[in-house]
Amino acid sequence: MSMNTMIRKSTTILTYFKSNYNNFFSTSTRRKPNLTNHHPRRFNSTTSPNPIHDQVIDFPGGNLKFIPQMTFLSESQQHRVPCYRVLDDNGEPIFGTDFVQVSEDFAVKMYNNMVALQTMDTIFYEAQRQGRISFYVTTNGEEAINIASAAALSMNDVIFPQYREQGVLLWRGFTLQEFANQCFSNKFDNGKGRQMPAHYGSNKHNYMNVASTVATQIPHAVGAAYSLKMDKKDACAVTYFGDGGSSEGDFHAGLNFAAVMEAPVIFICRNNGWAISTPTSDQFRSDGIVVKGQAYGVRSIRVDGNDALAIYSAVQAARQMAVSEERPILIEVK
Ligand SMILES: Cc1ncc(C[n+]2csc(CCOP(=O)(O)OP(=O)(O)O)c2C)c(N)n1
Ligand SMILES: [Mg+2]
């Protein structure tokens, strides 16, 4: 640096310091810094002849541009991720929506299953309250998530449930008697009475045992998906979990592993706002679960959990992408 440049720079520093004296020392005038997209007065380089925009760095994942502005990524996006729905509050299709049409018979079958699920839950829940069985978990308000997602899958797809997805097993043909056998641990129970009530599992229905150790099913599903891909099966793994499940390390490890291994797995997160008594506001500050997919390089969507047709359409599309493109997909159902 020449002597002239040095003198010019130090003069500039002094002028800057004087004009900002109050900002440096006065607490009364101190403002909350906002570093996002904030361009404080800085010194322009007088020495570099090359425009910085032309400069790139070879970085894992591809070339990156340099920029001269100090820009922090915001902690949140300007707009929240919207929620896909195709039915309005009266159950009528919204004009211009994009969904998979189902036949009347199929729609009635889905509806019957949702009603059967709710009825079964009520009976077993009351049996539990009466002390006849020691444990039960209902799917109240989540009937559409259970039935519509199950309806969009193939029987070859392997399910890795949490504990609030008995509707998927019901859709696959597990009988009410079989549910009762498990809950009452009688001699016909598939698990021979070795599990707590509501911890179903069935080889015949490609339904792995319920995992109430929250989120442990997620890495299992990813491993199984990778195995299905290695065996060139026309199938994917599907794992269900709650918002609380997404707060476990297994969720993050599972998503990352699935992205890197290009495993055909669908992650279905039932975000019902609570992990028992812990609200989502005490679990994370992100825009729900859906945005976490992008951080790990996983394609994602947010869907209205009360809209069976939207869930059916989204899960069918997710399955198609997972199997044909060999990739994981994350679905957050609200
Ligand atoms: C590893 C582990 N930690 C804690 C628990 C206790 N527990 C049981 S259910 C639950 C909350 C799960 O919430 P979420 O995943 O949102 O499912 P939801 O019940 O809302 O469907 C917790 C913390 C557990 N079963 N396993
Ligand atoms: Mg929850």
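In this predicted model, three elements each supply at least two residues of the shell around ligand 1, namely β4 (237-242), α8 (243-246) and β6 (274-275). Of the elements involved, α8 gives the most, with three residues. The shell consists of 14 residues, and the closest to the ligand are V214, G242, G244, G245 and A275. Sorted by class, five residues of this shell are nonpolar, six are polar and three are charged.

The strand β4 also belongs to an open sheet of five strands, whose order is β3-β4-β5-β9-β8 and whose pairing is parallel. The edges of the sheet are formed by β3 (158-160) and β8 (299-303), each of which pairs on one side only. On average, and with direction ignored, neighbouring strands of the sheet are turned by 20° against each other. Within the sheet, β5 (residues 265-270) and β9 (residues 329-333) run parallel and are joined by five bridges. One residue with a bridge partner in β9 is C269, which is matched there with E332.

Two helices that pack on the sheet are set out below.

| Helix | Residues | Strands touched | Angle between directions |
|---|---|---|---|
| α7 | 217-230 | β3, β4 and β5 | about 170° with β4 |
| α11 | 308-325 | β5, β8 and β9 | about 170° with β9 |

Strand β5 is thus named among the contacts of α7 and among those of α11.

Helix α7 has a further partner in helix α9 (residues 249-261): the two axes come within 8 Å and cross at roughly 15°. Angles under 35 degrees count as roughly parallel, and α7 and α9 are therefore roughly parallel to each other. The crossing in which α7 passes α9 is left-handed. On the α7 side, the contact involves I218, P219, V222, A225 and Y226, which meet D250, F251, A253, G254, F257, A258 and M261 in α9. By class, the residues of this contact divide into ten nonpolar, one polar and one charged.

Taken together, these descriptions link the ligand shell, the sheet and the helices through shared elements. Strand β4 supplies at least two residues of the shell around ligand 1, has a place in the order of the five-stranded sheet and is touched by α7. Helix α7, in turn, meets α9 through residues including V222 and Y226.

Technical notes: Residues numbered from 1 in each chain as written. Chains lettered and ligands numbered in written order. Predicted model: local features only at pLDDT ≥ 70, side-chain atom pairs only at ≥ 80, totals over all residues. Near = placed C-beta within 6 Å. Helix = DSSP H or I, 4+ residues; strand = E, 2+ residues; numbered from the N terminus. Nonpolar A, V, L, I, M, F, W, Y, C, P; charged D, E, K, R; others polar. Pairing = 2+ DSSP bridges. Axes fitted to C-alpha atoms, helices over the stretch in contact; angles between N-to-C directions. Contact = placed C-beta atoms within 7 Å. Parallel < 35°, antiparallel > 145°, perpendicular 65-115°, else oblique. Left-handed = near helix turned anticlockwise from the far one by under 90°.
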